[in-house]
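Here are a few notes to read with the model open beside you. Take the points in order and find each residue as you go.

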Amino acid sequence: MTVFNSRKTEYKDKIRAIKTDEKVHLKIIVPRSMSCTAATLCVTKEGEPPCYYAMFWAGMCGDDNEYWELHFSATTSGLYFYHFELDTPWGKSFIRNVGHGIGDFAPDGADFQQTVYDKSFKTPDWLKGGIIYQIFPDRFYSSGEPKSGVRETRVMRKWGEEPYWREDQMNGIWNNDYFCGDLKGIEQKLPYLADLCVSCIYLNPIFEANSNHRYDTADYEKIDPLLGTAEDFKNLCKVAKEEYGIRIILDGVFSHTGCDSKYFNLYNNYKTVGAYNSKESPYFPWYKFTDFPNEYKSWWGIKLLPEIMEENADYRNYMCGEKGILRKWLKAGASGWRLDVADELPDVFLDDLRKAVKSEKKDAVIIGEVWEEATTKVAYGERRRYFLGDQLDSVMNYPFADAVLNFVRFKNADAFLDGIMSIIEKYPPEVTNILMNHIGTHDTERAITRLAGENSEGYGRQWQYEHNKLSSEAYHLGVSMLKRASLLQFTLPGVPSVYYGDEIGMQGMKDPFNRECMAWDEPNEELHRWYKRLGEIRRGCRAFEKGEFVPVYFQRSTAMFKRVDENSEVLVAVNLDDETVNIPLGEEWENCYTLLGNIPINGTLYLEPYRYSLLTIVK
């Protein structure tokens, strides 16, 4: 008999973060042979002394065990850590976390975590149940219209050519080759995105910069001239939302700028007096000079990207003030911001950012780039408070991405469930319902390559170039693997985020091989049809908006779970085993509707090797 399990409702009725003043019911099962005379819940809010709460004896559990229980609530938000203590004739016994949410008698085990968030915390409803599509603007689609104000030093490439990656190709200037994708090109492809049931476009940076990735911002107030104009952006947002129900979110790069910018102006390419030019520059206090002008702190030591002092009041006002950058582009039509390296932005900046964004547009979304589990993230020497109610709405969900891709590749259902539950039990449902669930981005290998290709970790660009394209056999396998991975991606809690081209089978190692031009003329039609079907299913099932995640069957290489709301249930099953798996579902599933795969027979689902099913019933 398990003593306690934080991931099962028999022991904890809310397997998630709780609101302030919301009660969570905790129950432990104690062997009668311990002669327990008292049970206590010990709770420690981070940074405060522990508090002790007496539990109540709640009757017998069979002949050999007994229940002790209580309700716990907290009036203030924060991270709370807890364990149980028992008084016995032999002294104190401690029930702590021995892993995977299981509590057992372990004096040296870890405490369980209970996240408590502010009860007023609310995230945008429009994103729940939706689909995000990520676009690297230079490589998606070019309208072919002429542009003005573009530097002559930019190297213009022919659409579809391989991005430059060798030193001799760049002439010492990295990321200076452009394929001329633009905002009007994106607008022209809105019908294509609507056909995929996309509800939100996430754009990598679009502000003026002097690289093709544009993470080295030169002017936050201007659209990069190769992408178009502010009017082009406004029209894209207007047409996308009004005609197709698609919203646009922008990439905010606020931890650093480019050295070649109007703010730093290392090369004197701008008429402004930049921080590098003079200590009298209005921008000088923004930067972290150690020996003016040539020594300064930069992002990851890259001198092209001087770090910003985000605590600086003038900088915060420039970004977050009444006439600041955040509000400017929300007014222009953006529906939110994705924050680059959010863990490198201090609390004082994130606090101001949320106030500015939500004051300008209440339903705008704020998504942070955080690669780790976000509630326990430590940066700037202190625990971050992203999800307690006054900072982020969501994060890029790298833990889910790893869980999905590793399951499809390595077939360990237990590890897959552990990866999912470790997030669900710690995050507020307001966050969980809009987690940005990608399986590939501009910073990672493309999904099909990571699934069916060789591991690129530790290898440079020459090796990646040599292994960039899959063999025909590996590609065929990768298509099948990507279908299973995307099925899970589209049905887990959160919002699936599709990196442009994944839906047509584009492949590639890391930057720049994962940033090739959209292969409009060479789509994998099988995958394209698959992604369209997933989009239709997702749009038609309300359980994907806020439905609870309920594990059903996770054994060996087979995973099955439900998404459940008040009106319907959706059952998702994927079998990666070499043998057929038979899973009893019960009579209630005999009249279910089959969205994909097999239908149950006499209350049992028969899943053949490497097959899947997606079923639904209406309550």
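1. Let's start with the inside of this predicted model. Its largest nonpolar core has 131 residues, and those with the most contacts inside this core are Tyr-133, Phe-233, Phe-254 and Trp-337. Which helix gives the largest share of the core? That is helix α13 (residues 472–491), which supplies nine residues.

2. Now zoom in on Phe-254. Leaving aside neighbours within four places in sequence, Phe-254 is in contact with a long list of residues, including Tyr-220, Ile-308, Glu-310, Met-319, Trp-337 and Leu-353. Phe-254 also belongs to an aromatic cluster, together with Phe-207, Tyr-220, Phe-233, Trp-337 and Phe-349, among others.

3. There is a second, separate core too. It has 27 residues, among them Ile-18, Val-30, Met-34 and Leu-41.

4. Next, have a look at strand β15 (residues 200–203), where both faces are covered. Cys-200 and Tyr-202 are buried on one side, while Ile-201 and Leu-203 are buried on the other. Which strands does β15 pair with? With β12 (residues 132–135), β15 pairs in the parallel sense over four bridges, and Tyr-133 stands opposite Ile-201. With β18, β15 also runs parallel, joined by four bridges; here Cys-200 stands opposite Arg-247. You have already met Tyr-133, one of the residues with the most contacts inside the largest core.

5. Aromatic rings deserve a point of their own, since the structure holds 49 aromatic pairs. One of them joins Phe-264 and Phe-289, which are stacked at 5.7 Å centre to centre, with 10° between the planes. Phe-264 lies in the loop between β18 (247–252) and β19 (289–291), and Phe-289 lies in strand β19, so this pair ties together parts that are 25 residues apart in sequence. Are these two rings buried or exposed? Phe-264 and Phe-289 are both buried.

6. Compare that with Phe-549 and Phe-561. This pair is tilted, at 5.1 Å centre to centre and 40° between the planes. Phe-549 sits in strand β28 (residues 548–555) and Phe-561 in strand β29 (residues 558–564), so the pair ties together parts that are twelve residues apart in sequence. Phe-549 and Phe-561 are both buried.

7. Finally, find Lys-189. Over the faces of which rings does Lys-189 lie? One is Tyr-141, at 4.6 Å from the ring centre; another is Trp-520, at 4.0 Å from the ring centre.

Note on methods: Residues are numbered from 1 along each chain as its sequence is written. This is a predicted model: local features need pLDDT of at least 70, side-chain atom pairs count only at pLDDT 80 or more; totals for chains, interfaces and linings use all residues. Side-chain values use heavy atoms; hydrogens and water are left out. Rings of Phe, Tyr and Trp (its six-membered ring) pair if their centres lie within 6.5 Å; planes under 30 degrees apart count as stacked, over 60 as edge-to-face and the rest as tilted. Helices (H or I, at least four residues) and strands (E, at least two) are DSSP runs, numbered from the N terminus. Buried means under 20% relative accessible area, exposed over 50%, partly exposed in between (1.4 Å probe, protein chains only). A charge sits over a ring if NZ of Lys or CZ of Arg is within 6 Å of the ring centre and within 35 degrees of the ring normal. A nonpolar core is a set of buried Ala, Val, Leu, Ile, Met, Phe, Trp, Tyr and Cys residues joined through side-chain atoms within 4.5 Å. Contact means heavy atoms within 4.5 Å. Two strands pair if DSSP finds at least two bridges between them.
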